[in-house]
Amino acid sequence: MDTDVMPARSPSTRTPIGNTALLRLAHAFAARAMRLPTSAEYKIETPRQTLPESYCAGCIDDALDAELKKWAEDDRAHIYTTMSAGAEHDGRSHCHKCGLMLDCRLSEYGGEIELIRFSAIRFSRHRPPSDADLYHLWKMMESLAYHGDERKIALALRIGRRVLAALTWRED
Ligand SMILES: [Zn+2]
């Protein structure tokens, strides 16, 4: 095989060892967070724009019906829905109608916001990590593993190991 045509190695993985440790932790949390109900993200496209609201699989039909009512018969053929699972967002994503968590990835900015948030939380016997915490930690760690510098990855690892220890406080 001609190696000259191989794609260049991504420069984003700046700290290979910390990065792998973080991804391992991310997966440990992902496995536990899986039982949290989530949905793919649905959006509505109109002839003018993609509407800013996101919906879950259970709410998109009603949202689409409501939107169609606002448009003239001729325009309705140009209104449709899109679905994505794991699109990148700057923050947590929830259904506009029912609040269900929508499956997304966090951008570099989104990962840093979660890092600040989790730096301030002290888990304890009275405040063990919830499934939602584990879900957000998973997404945070994935984002930082790819975008974070050495200092942020080290902080995320410290937080992750503390949470892992705190999981023993949970009843289940
Ligand atoms: Zn919903």
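1. Let's start with Lys43. With 19 other C-beta atoms within 10 Å, Lys43 counts as partly exposed. The cut-off explains the label: a residue is called buried if 20 or more other C-beta atoms lie within 10 Å of its own, and exposed if 12 or fewer do. Keep in mind that you're looking at a predicted model.

2. Where does Lys43 lie? You'll find Lys43 in strand 2, which covers residues 41-45. Leaving aside residues up to four places away in sequence, Lys43 touches Thr50, Leu51, Ser54, Thr81 and Thr82. Have a look at Glu53 too: Lys43 and Glu53 are 10 residues apart along the chain, and their C-alpha atoms are separated by 6.7 Å.

3. Now zoom out to the whole chain. It has 5 helices and 6 strands, and reading along the sequence gives you the pattern α-β-β-α-β-β-β-β-α-α-α. The chain has 172 residues, and 26% of them count as buried. Take the contacts between residues at least 6 apart in sequence: 68% of those join residues at least 24 apart.

4. Next, the largest nonpolar core. This core has 20 residues, and the ones touching the most other members are Leu22, Leu137, Trp138, Met140, Met141, Leu144 and Ala156. Which elements give two or more residues to this core? They are helix 1 (16-33), helix 3, helix 4 (131-147) and helix 5. Helix 4 supplies the largest share, 8 residues.

5. Leu137 deserves a look of its own. Not counting residues up to four places away in sequence, Leu137 touches Phe29, Phe118, Gly160 and Val163. There's also a second, separate core, with 9 residues, including Tyr42, Tyr55, Ile60 and Cys104.

6. Last, try helix 3 (residues 108-119) against helix 5 (residues 150-166). Their axes are 11 Å apart, and the two helices pack at an angle of about 45 degrees. Parallel or oblique? Angles under 35 degrees count as roughly parallel, and 65 to 115 as roughly perpendicular, so helix 3 and helix 5 are oblique to each other. Their crossing is left-handed.

7. Who makes that contact? Helix 3 brings Leu115, Phe118 and Ser119, while helix 5 brings Lys152, Leu155, Ala156 and Ile159. Sorted by type, the residues of this contact come out as 5 nonpolar, 1 polar and 1 charged. Two of these names appeared earlier: Ala156 is listed among the core residues touching the most other members, and Phe118 is touched by Leu137.

Notes
Residues are numbered from 1 along each chain as its sequence is written. This is a predicted model: local features need pLDDT of at least 70, side-chain atom pairs count only at pLDDT 80 or more; totals for chains, interfaces and linings use all residues. Axes are lines fitted to C-alpha atoms, for helices over the stretch in contact, and angles run from 0 to 180 degrees between N-to-C directions. Helices (H or I, at least four residues) and strands (E, at least two) are DSSP runs, numbered from the N terminus. Angles under 35 degrees count as roughly parallel, over 145 as roughly antiparallel, 65 to 115 as roughly perpendicular and the rest as oblique. A crossing is left-handed if the near helix is turned anticlockwise from the far one by less than a right angle, and right-handed if clockwise. Two residues are in contact if their C-beta atoms, placed from the backbone, lie within 7 Å. Ala, Val, Leu, Ile, Met, Phe, Trp, Tyr, Cys and Pro count as nonpolar, Asp, Glu, Lys and Arg as charged, and the others, Gly among them, as polar. A nonpolar core is a set of buried Ala, Val, Leu, Ile, Met, Phe, Trp, Tyr and Cys residues joined through C-beta atoms within 7 Å.
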